[in-house]
2 protein chains.
Amino acid sequence: MPSARKYSRKREAIYNAICSSHSHPAAGTIYAQLKPEFPDLSLGTVYRNLSLFVNEGTIRCVCVVDGNERFDGDTSDHPHFVCNCCGCVSDLADDRLLMDTAAVESRNGITVSRTDLVFYGVCADCTNRT
Amino acid sequence: MPSARKYSRKREAIYNAICSSHSHPAAGTIYAQLKPEFPDLSLGTVYRNLSLFVNEGTIRCVCVVDGNERFDGDTSDHPHFVCNCCGCVSDLADDRLLMDTAAVESRNGITVSRTDLVFYGVCADCTNRT
DNA sequence: AATAATAATAGGAATTATTCTTAAAAAGGA
DNA sequence: TCCTTTTTAAGAATAATTCCTATTATTATT
């Protein structure tokens with residue numbers, strides 16, 4: 001936790017859960033994961049801390065079409081892939097997909113604070129499994 | 001309506017509402033827009049027809065972070081821009097942002113059926129208004 | 001035009017994700 | 001330890017969306 005606040009163990013656990021995961025968990029998933037260790041954890045606390053982290057820029061959120069927000073401890077600009085088959089959300093380590101944001105801004109007369117590139121399709125595992 | 005079904009006037013109106021709009025309306029927006037003309041229109045009907053169109057590939061949906069799905073009558077692969085200030089969702093006509101999907105597939109061992117590129121920031125209007 | 005079969009609809013209940021409120025508990029500092 | 005501030009649980013409230021069922025509209029068939 002790189003922030004000025006050090007505070008509660010629950011907040012720390014929520015942060016660690018996101019950063020140690022590569023599955024881009026949703027709020028409910030994090031809640032379910034931490035509940036055994038913190039039986040009095042509430043879903044509200046998870047949501048509150050997640051939006052706190054997002055506002056700080058400590059984590060980022062990824063919007064995928066299945067209707068809920070996913071969270072990512074890797075705040076660098078990188079594309080995501082969503083498998084329509086198993087529903088997994090994964091990072092795409094493909095440098096050729098990184099945008100020249102400054103050029104986009106000047107070409108389109110906008111200011112860009114964030115880029116979301118998401119591919120939908122079928123992942124390698126699901127393709128092989130068929 | 002390019003589909004095999006021709007059916008109801010409501011369905012047609014929903015389709016036209018999306019295609020004649022450039023604002024990427026949400027389901028509720030379409031409902032509010034058509035309600036005066038069809039006083040007995042129900043929100044369920046709007047949702048049902050929208051997902052029907054999306055499944056057919058007649059329209060597409062765009063996922064933006066304010067928590068609801070937006071719809072777009074332009075099914076071509078093109079990026080979107082969301083203004084954090086006024087909340088508008090607009091198309092970016094910027095050819096240099098189109099992906100070579102086939103290359104992404106082969107480099108990453110995936111099958112891609114759809115690409116979503118969304119920029120978040122401040123639009124030209126909001127920048128000037130300040 | 002009448003009829004039958006199919007598809008679409010309204011209305012509302014149910015679900016799911018998320019936010020908000022409030023009083024109580026925990027954290028850190030003096 | 002005591003005080004102030006922050007965090008929390010619990011659950012109510014909201015919002016977006018889906019699901020269910022009986023009714024109605026549409027098309028195909030006569």
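Two residues count as being in contact here when heavy atoms lie within 4.5 Å. Keep that in mind for the close-ups below, which all come from a predicted model.

**View 1. Chain A on its own, as a way in.**
Let's start with a single protein chain. Chain A has 5 helices and 5 strands. Read from the N terminus, those elements go α-α-α-β-β-β-β-α-β-α. The C-alpha trace of chain A spans about 50 × 45 × 25 Å along its principal axes.

**View 2. How chain B relates to chain A.**
Turn chain B by 180°, with a shift of 0.0 Å along the axis, and you can lay it on chain A with an RMSD of 0.1 Å. That is the relation of a two-fold axis. Looking for a landmark beside the axis? In chain B, the residue that comes closest to the rotation axis is Leu117(B), whose C-alpha sits at 2.2 Å.

**View 3. Where the two chains meet.**
On the chain B side, 33 residues are in contact with 33 residues of chain A. The copies meet through the same surface, because 100% of the interface residues of chain B are also interface residues in chain A. The size of an interface is often given as the accessible area lost when the parts come together. For chain B and chain A, that buried area is about 2,700 Å², with 57% of it on carbon and sulfur atoms. As for polar contacts, there are 14 residue pairs between chain B and chain A, counting those with both residues at pLDDT 80 or more. Which parts of chain B build its side of this meeting place? β1 (60–63), α4 (101–108), β5 (111–122) and α5 (124–129) of chain B each supply at least two residues. The largest share, 12 residues, comes from β5(B). Sorted by class, the side of chain B that touches chain A has 19 nonpolar, 8 polar and 6 charged residues.

**View 4. Salt bridges between the chains.**
Side chains of opposite charge can pair when their charged atoms come close. Over all chains, the count comes to 8 salt bridges, and 2 salt bridges are found across the interface of chain B and chain A. In one pairing, the side chains of Asp94(B) and Arg107(A) meet in a salt bridge, at 3.0 Å from N to O. There is also a salt bridge from Arg107(B) to Asp94(A), with the closest N and O atoms 3.0 Å apart. This pair joins two chains, because Arg107(B) lies in helix α4 of chain B, while Asp94(A) lies in the loop between β4 (89–91) and α4 (101–108) of chain A.

**View 5. The protein around DNA strand C.**
Now for the DNA. Which residues come nearest to DNA strand C? Of the 16 residues around this strand, they are Tyr47(A), Arg11(B), Asp40(B), Thr45(B) and Arg48(B). Among the atoms of DNA strand C that come within 4 Å of the protein, sugar and phosphate account for 85%. Zoom in on the phosphates and you can pick out some polar neighbours. An N or O atom in the side chain of Ser8(B) is 2.6 Å from a phosphate oxygen of DNA strand C. Ser42(B) has a polar side-chain atom 3.1 Å from a phosphate oxygen of this strand, and for an N or O atom in the side chain of Asn49(B) the distance to a phosphate oxygen is 3.1 Å. Both chains take part in the surface near DNA strand C: α3 (43–56) of chain A, plus α1 (9–19) and α3 (43–56) of chain B, each supply at least two residues. The largest share, 3 residues, comes from α3(B).

**View 6. The protein around DNA strand D.**
Here 16 residues surround DNA strand D, and the closest are Ser8(A), Lys10(A), Arg11(A), Thr45(A) and Tyr47(B). Sugar and phosphate make up 88% of the atoms of DNA strand D that come within 4 Å of the protein. An N or O atom in the side chain of Arg11(A) is 2.3 Å from a phosphate oxygen of DNA strand D. With Ser42(A), look at the backbone: a polar atom there is 3.2 Å from a phosphate oxygen of the strand. A polar side-chain atom of Asn49(A) lies 3.1 Å from a phosphate oxygen of DNA strand D. The largest share of the surface near DNA strand D, 3 residues, comes from α3(A). By class, this surface has 5 nonpolar, 5 polar and 6 charged residues.

Note on methods: Residues numbered from 1 in each chain as written. Chains lettered and ligands numbered in written order. Predicted model: local features only at pLDDT ≥ 70, side-chain atom pairs only at ≥ 80, totals over all residues. Heavy atoms only, no water. Least-squares fit on C-alpha atoms with pLDDT ≥ 70 in both. Near = heavy atom within 4 Å. Polar contact = N/O pair within 3.5 Å; in protein donor to acceptor, adjacent residues only side chain to side chain. Helix = DSSP H or I, 4+ residues; strand = E, 2+ residues; numbered from the N terminus. Buried area = accessible area lost by both parts, 1.4 Å probe. Salt bridge = Lys/Arg side-chain N within 4 Å of Asp/Glu carboxyl O. Nonpolar A, V, L, I, M, F, W, Y, C, P; charged D, E, K, R; others polar.
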